[in-house]
Amino acid sequence: MFVNKLLQKLGLDKFISPGTFKNISTLMTGTVISAIIPILTAPIMSRIFAASNYGVLGLYMSISGLIGVLAYSHYTQAIMLPKENSEARQVVWFAISFSTVVSLCAMLVFIMLYFFTNVISSSEIHLWYFFIPVSIFLNGVNAAILTWANRLQSYKQLSYNRVIQALITVVVQITLGILIKNETGLMVGLLTGQLVSVVLLVWKFGTKLETGIGSFESAGFKKIAVQYKNLLFYSTPSEFINNLINQTPIFLLQKFGGISYVGYYSFTQRFLGLPQMFLSSAIVDIFKQKASALYSHTGNCRPLFIKTFKVLTGLAIVPAIVAVLFAPQIFTFVFGARWLTAGIFAQYLSVMFFFRFIASPLSYIYIIAGKLKEDFLIHLFFLFLTTASFYLSNLFFEDKKIMILNYAIAYSFVYIIYLVRSYKFSKA
């Protein structure tokens with residue numbers, strides 16, 4: 001297997017047990033393919049779609065992501081926590097039900113905004129607003145069942161699901177992009193990929209077998225809501241603020257630079273973020289399962305924390321150096337001269353993505369150790385820090401690209417703080 005040889009060549013297999021090494025290899029095989037698919041098709045996509053098209057996609061994903069935090073970020077995390085699968089099944093259904101309610105409420109709000117205000121009619125994304133609740137629902141189901149699959153260590157299914165979703169998404173986007181010369185291809189491709197992923201997961205795990213999520217039962221919902229209320233009251237605000245921090249460039253770039261700058265940033269995130277998101281998520285799925293089990297039984301998962309830190313650093317260091325040195329040249333050569341600004345963004349953001357790749361999986365320690373209040377307070381501080389970086393950059397610098405540089409510096413500081421504190425909490 002290619003991934004096995006890659007990890008062995010890097011020497012990363014020395015840091016992890018054979019069983020964990022096999023799980024990481026299984027997930028990474030699929031997730032690497034999932035990352036390669038959009039990367040290989042990016043030169044085609046960049047010549048089909050304009051920066052403004054990616055700007056619309058970026059705004060859509062930002063809004064749906066913010067509401068999605070309220071819908072499924074909290075109780076989905078609780079699926080990994082119960083000792084018995086029977087209780088975890090109830091949490092799965094509770095998480096799906098909760099996200100369904102939030103998506104319906106969002107649809108109602110958008111209908112009211114459409115008829116009683118000009119928010120939607122004057123927006124860059126127009127009637128795509130009404131598909132946001134659909135994305136929220138699909139992502140909620142995806143998140144719940146994928147977490148269930150991770151709990152069962154069904155890593156082959158997780159890997160397969162990611163490959164199919166990535167492939168379907170880009171095929172639809174390119175096909176419709178050629179036929180319809182606007183953002184429709186990007187949007188429909190995104191929604192189709194989300195729908196296909198849900199269908200595959202329901203087909204695999206929507207059964208009453210031992211590996212299935214069983215039938216819908218609401219009898220234990222009240223108990224679940226009370227038992228995991230801290231996730232709702234502390235983790236959800238923290239995740240919302242964290243997501244808001246992530247989306248700050250989208251909203252403020254639109255305000256200060258226009259929709260094309262949003263497109264450049266979104267395209268950069270798509271190129272830099274996909275491989276890191278997929279590779280990091282492959283490891284975090286296993287880290288969550290192993291770290292939760294170790295901490296609940298021994299109160300100490302620091303050796304696993306250190307080993308995972310070394311693996312993540314080894315994977316991220318070379319791409320980060322290449323991006324810092326050559327991102328503008330690579331972007332103009334691969335995607336065309338009109339994407340030079342996106343290459344400069346990539347150069348500025350590469351260090352931040354390096355720290356994100358390492359810190360995002362390991363910060364799950366905050367949930368395992370129950371440090372949710374501190375997590376919330378830190379998120380509040382860094383929301384102020386990142387927002388201030390944009391406003392001050394716009395105030396003192398004429399070049400809008402400097403906003404991205406200062407944002408990247410501020411957010412890198414965020415991740416360093418999380419790494420230090422997560423290391424401390426990894427041992428009770």
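Buried, in what follows, means under 20% relative accessible area, exposed means over 50%, and partly exposed is in between. I start there because threonine 236, with a relative accessible area of 5%, is buried under that cut-off. The model you see is a predicted one, so please take every value as computed from that prediction.

Threonine 236 sits in helix H9, which covers residues 229-256. Its C-alpha atom is 9.0 Å from the C-alpha atom of tyrosine 72, and the two residues are 164 apart along the chain.

Next, the salt bridges. How many are there? The count is two. In one of them, the side chains of arginine 421 and glutamate 374 meet at 2.8 Å, N to O. Arginine 421 belongs to helix H15, residues 401-425, and glutamate 374 to helix H14, residues 372-396, so this pair ties together parts that lie 47 residues apart in sequence. Arginine 421 has a relative accessible area of 25%, which makes it partly exposed. Glutamate 374 is at 23% and is partly exposed as well.

The other pair is aspartate 399 with lysine 401, whose side chains meet at 3.2 Å, N to O. Here the two partners fall on opposite sides of the cut-off for burial. Aspartate 399, at 34% relative accessibility, is partly exposed. Lysine 401, at 17%, counts as buried, because the limit is under 20%. As general background, side chains of opposite charge can pair when their charged atoms come close.

Now the surface. There is a nonpolar patch of about 700 Å², made by Ile317, Val318, Ile321, Val322, Val324, Leu325, Phe326, Ile330 and Val351. Which helix gives the most to this patch? That is helix H11, residues 302-335, with eight residues. Valine 322 is one of the patch residues, and it is found in helix H11. Its relative accessibility is 36%, so valine 322 counts as partly exposed. A residue needs over 30% relative accessible area to enter a patch, so valine 322 at 36% passes that requirement.

On to the second largest pocket. Its volume is about 350 Å³. Thirteen residues line this pocket, and the closest to its centre are Met80, Leu81, Pro82, Ala293 and Ser296. Helix H10, residues 259-298, gives the most to the lining, with six residues. By residue class, the lining divides into six nonpolar, five polar and two charged.

Last, two backbone angles. Most residues other than glycine have a negative phi. Where does the model depart from that? Histidine 126 has a positive phi, near 50 degrees. This histidine 126 is in the loop between helix H4, 85-116, and helix H5, 132-151. At 40% relative accessibility, histidine 126 is partly exposed.

Glutamine 153 also has a positive phi, near 60 degrees. Glutamine 153 is placed in the loop between H5 and helix H6, 155-179. Its relative accessible area is 36%, so glutamine 153 is partly exposed.

To recap the two ends of the talk: threonine 236 is buried at 5%, whereas histidine 126 is partly exposed at 40%. That is what I have for today.

Conventions:
Residues are numbered from 1 along each chain as its sequence is written. This is a predicted model: local features need pLDDT of at least 70, side-chain atom pairs count only at pLDDT 80 or more; totals for chains, interfaces and linings use all residues. Side-chain values use heavy atoms; hydrogens and water are left out. Patches are made of residues with over 30% relative accessible area and no salt bridge: like charges are joined within 9 Å, nonpolar side chains (Val, Leu, Ile, Met, Phe, Trp, Tyr) within 5 Å. Accessible areas come from the Shrake-Rupley method with a 1.4 Å probe; for residues, only the protein chains shown count as cover. A salt bridge is a side-chain nitrogen of Lys or Arg within 4 Å of a carboxyl oxygen of Asp or Glu. Helices (H or I, at least four residues) and strands (E, at least two) are DSSP runs, numbered from the N terminus. Buried means under 20% relative accessible area, exposed over 50%, partly exposed in between (1.4 Å probe, protein chains only). On a 1 Å grid over the protein atoms alone, a cavity is a set of points where a 1.4 Å probe fits but cannot get out, and a pocket is an open set with protein on both sides within 12 Å along at least five of seven lines; lining residues have an atom within 4 Å of a point. Grid points are joined across faces, edges and corners, and a volume is the space filled by probe spheres set on the points. Ala, Val, Leu, Ile, Met, Phe, Trp, Tyr, Cys and Pro count as nonpolar, Asp, Glu, Lys and Arg as charged, and the others, Gly among them, as polar.
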